[in-house]
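These are my notebook entries on a structure that I am reading for the first time. I record each item that I looked up, in the order in which I took it up.

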Amino acid sequence: MSTPYNMAFACLDCCKSFKRESNVTPSEFPLELKCPNCGSVAHSFGRHFKAPKATDKKQWDKIRFLFEHGFRFQKIRIGKNQTHHDTVPYPETMEQAREFVMKYKDYAIKSTNGI
Ligand SMILES: [Zn+2]
């Protein structure tokens, strides 16, 4: 039996994030839910996502940019040892994000529906 944990969802249209409790494995959890705020699509950003303030447009632009390039705040581990220490931190600014998506494009999630 696995213990329930919270999965973060974020709506890129209205810049709201919310959590859903889950007790299934992440791979069985839906990648999209309906945004309870605006009815648009809210995307799963996993367990490690920390949402910026709704008013922080720059941060949301960065998240949108990362998302469009296949980065949903999944853990990116580099190096031979797949240990905790090799996890790549997510970029804090848009400038860093541009470099990040180039550098780690091999780690991007390939969308199945052609986004
Ligand atoms: Zn929304």
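**Entry 1: the metal site**

Which residues are the protein donors of the zinc ion? I looked them up in this predicted model and found Cys-11, Cys-14, Cys-35 and Cys-38, each donating through its SG atom. The donors lie 2.2 to 2.3 Å from the zinc ion.

I then turned to the geometry. The angles among the 4 donor atoms run from 106 to 113°, and the site is tetrahedral. For reference I noted the ideal angle of 109.5 degrees for four tetrahedral donors.

Along the sequence, the spacing of the donor residues follows C-x2-C-x20-C-x2-C.

Is Cys-35 buried or exposed? I found a relative accessibility of 4%, so Cys-35 counts as buried, the cut-off being under 20%. For Cys-38 the relative accessible area is 41%, and I entered this residue as partly exposed.

**Entry 2: the sheet**

In what order do the strands of the sheet stand? I read the order as S2-S1-S4-S3, in an open sheet of 4 strands with antiparallel pairing. Strand S2 (16–22) and S3 each have a single partner strand and stand at the edges, so one side of each has no neighbour in the sheet. On average, neighbouring strands are turned by 40° against each other, direction ignored.

I next followed strand S4, which covers residues 41–46. Of its 6 residues, 5 are buried, and I noted the strand as mostly covered.

How many bridges join strand S1 to S4? I counted 4 between S4 and strand S1 (residues 5–11), and the two run antiparallel. Within this pairing, Ala-8 has Gly-46 of S4 as its bridge partner. Cys-11, one of the zinc donors, stands opposite Ala-42 in S4.

On the other pairing, strand S3 (residues 32–34) is joined to S4 by 3 bridges, again antiparallel. Here Leu-33 has Ala-42 as its bridge partner in S4. Ala-42 therefore appears twice in my notes, opposite Cys-11 and as the partner of Leu-33.

S3 and S4 form a hairpin, with 6 residues between the two strands. In the turn I noted Gly-39, which has a positive phi of about 85°.

**Entry 3: helix H1**

Which strands does helix H1 touch? I found that H1 (residues 57–68) packs on the sheet and touches S1, S2 and S4. The direction of H1 makes about 80° with that of S4.

I then searched for salt bridges, and the structure holds 1. Asp-61 and Arg-64 form it through their side chains, at 2.9 Å from N to O. Both residues lie in helix H1, 3 residues apart, which is about one turn of the helix. Asp-61 is partly exposed, with a relative accessible area of 37%. Arg-64 is also partly exposed, at 25% relative accessibility.

**Entry 4: Ile-109**

Where does Ile-109 lie? I placed this residue in the segment after helix H2 (94–103). Its relative accessible area is 39%, and Ile-109 is partly exposed.

Which residues does Ile-109 touch, not counting those up to four places away in sequence? I listed Gly-70, Arg-72 and Gln-74. I also looked up His-69, which stands 40 residues from Ile-109 along the chain. The C-alpha atoms of Ile-109 and His-69 are separated by 8.0 Å.

Note on methods
Residues are numbered from 1 along each chain as its sequence is written. This is a predicted model: local features need pLDDT of at least 70, side-chain atom pairs count only at pLDDT 80 or more; totals for chains, interfaces and linings use all residues. Side-chain values use heavy atoms; hydrogens and water are left out. Donors are N, O and S atoms within 2.8 Å of the metal (3.2 Å for Na, K and Ca); water is not among the atoms, so sites may look incomplete. Four donors count as tetrahedral if all angles lie between 85 and 135 degrees; four count as square planar and six as octahedral if opposite donors are over 155 degrees apart and all others between 65 and 115; anything else is irregular. Buried means under 20% relative accessible area, exposed over 50%, partly exposed in between (1.4 Å probe, protein chains only). Two strands pair if DSSP finds at least two bridges between them. Axes are lines fitted to C-alpha atoms, for helices over the stretch in contact, and angles run from 0 to 180 degrees between N-to-C directions. Contact means heavy atoms within 4.5 Å. A salt bridge is a side-chain nitrogen of Lys or Arg within 4 Å of a carboxyl oxygen of Asp or Glu.
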